[in-house]
Amino acid sequence: MVSIDLDKVLDKAWADKDLPEILAAPVAALKGVSDRDGELLEQAFGVRTVADLAELKCARWAQALAALDAAK
């Protein structure tokens, strides 16, 4: 089972939303991601939503490489 403390990863305005709303939210709904960061992610990778960011293949590749390194 996967769990996450939404208060730690989302801006306060999004912490009480349900998962489909969070996934459809702009990436700036994530703590530490500004509106400007969101604009740059959209320009660079076409990322508009939290779901788009989760599906970004470059991010998945980086996570896999980090996991391989951690498993050493």
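This note goes through the overall fold, the largest pocket, one buried valine and the salt bridges of a predicted model.

1. Overall architecture. The protein chain holds 5 helices and 0 strands, and read from the N terminus its elements follow the order α-α-α-α-α. The C-alpha trace spans about 40 × 35 × 20 Å along its principal axes. Of the 72 residues in the protein chain, 21% are buried, and among the contacts with a separation of 6 or more, 19% join residues that are 24 or more positions apart. The surface that the protein chain exposes comes to about 5,600 Å², of which carbon and sulfur atoms supply 59%.

2. The largest pocket. The volume of the largest pocket is about 210 Å³, and its lining is made up of Ile4, Leu6, Val9, Leu10, Leu19, Ile22, Leu23, Leu30, Val50 and Ala54. Two or more residues of this lining are given by each of helix H1 (6–9), helix H2 (19–24) and helix H4 (50–55), with H2 providing the largest share, 3 residues. In chemical character the lining residues divide into 10 nonpolar, no polar and no charged, so a reader who inspects the side chains around this pocket will find neither a polar nor a charged residue among those that line the pocket, given that Ala, Val, Leu and Ile count as nonpolar.

3. Valine 47. Where does valine 47 sit with respect to helix H3 (35–45) and H4? Valine 47 is placed in the loop between these two helices, and it counts as buried because its relative accessibility is 2%, where buried means under 20%. Leaving aside residues up to four places away in sequence, valine 47 touches Val27, Gly38, Leu41, Glu42, Asp52, Leu53 and Leu56. A further relation is that to proline 26, which is 21 residues apart from valine 47 in sequence, while the two lie 8.8 Å apart in space, C-alpha to C-alpha.

4. A salt bridge within H3. A search of the whole structure finds 3 salt bridges, and one of them brings together the side chains of arginine 36 and glutamate 39 at 3.2 Å, N to O. Both residues lie in helix H3, 3 residues apart, about one turn of the helix. Arginine 36 is partly exposed, with a relative accessible area of 45%, and glutamate 39 is likewise partly exposed, at 41%. As a general matter, side chains of opposite charge can pair when their charged atoms come close.

5. The salt bridge of arginine 48. The side chains of arginine 48 and glutamate 42 meet in a salt bridge of 2.8 Å, N to O. Arginine 48 counts as exposed because its relative accessibility is 54%, the cut-off for exposed being over 50%, whereas glutamate 42, at 36%, counts as partly exposed. Glutamate 42 is also one of the residues that valine 47 touches, and a colleague viewing the model may therefore wish to look at this residue together with the buried valine 47.

6. The salt bridge of lysine 72. Another salt bridge joins the side chains of lysine 72 and aspartate 69, at 3.0 Å, N to O. What is the exposure of lysine 72? Lysine 72 is exposed, with a relative accessible area of 81%, while its partner aspartate 69, at 47% relative accessibility, counts as partly exposed.

Key. Residues numbered from 1 in each chain as written. Predicted model: local features only at pLDDT ≥ 70, side-chain atom pairs only at ≥ 80, totals over all residues. Heavy atoms only, no water. 1 Å grid on protein atoms, 1.4 Å probe; cavity = no way out; pocket = protein on both sides within 12 Å on 5 of 7 lines; lining within 4 Å. Points joined across faces, edges and corners; volume = space filled by probe spheres on them. Helix = DSSP H or I, 4+ residues; strand = E, 2+ residues; numbered from the N terminus. Buried < 20%, exposed > 50% of the residue type's maximum accessible area, 1.4 Å probe, protein only. Contact = heavy atoms within 4.5 Å. Areas by Shrake-Rupley, 256 points an atom, 1.4 Å probe, with all protein chains shown as cover. Salt bridge = Lys/Arg side-chain N within 4 Å of Asp/Glu carboxyl O.
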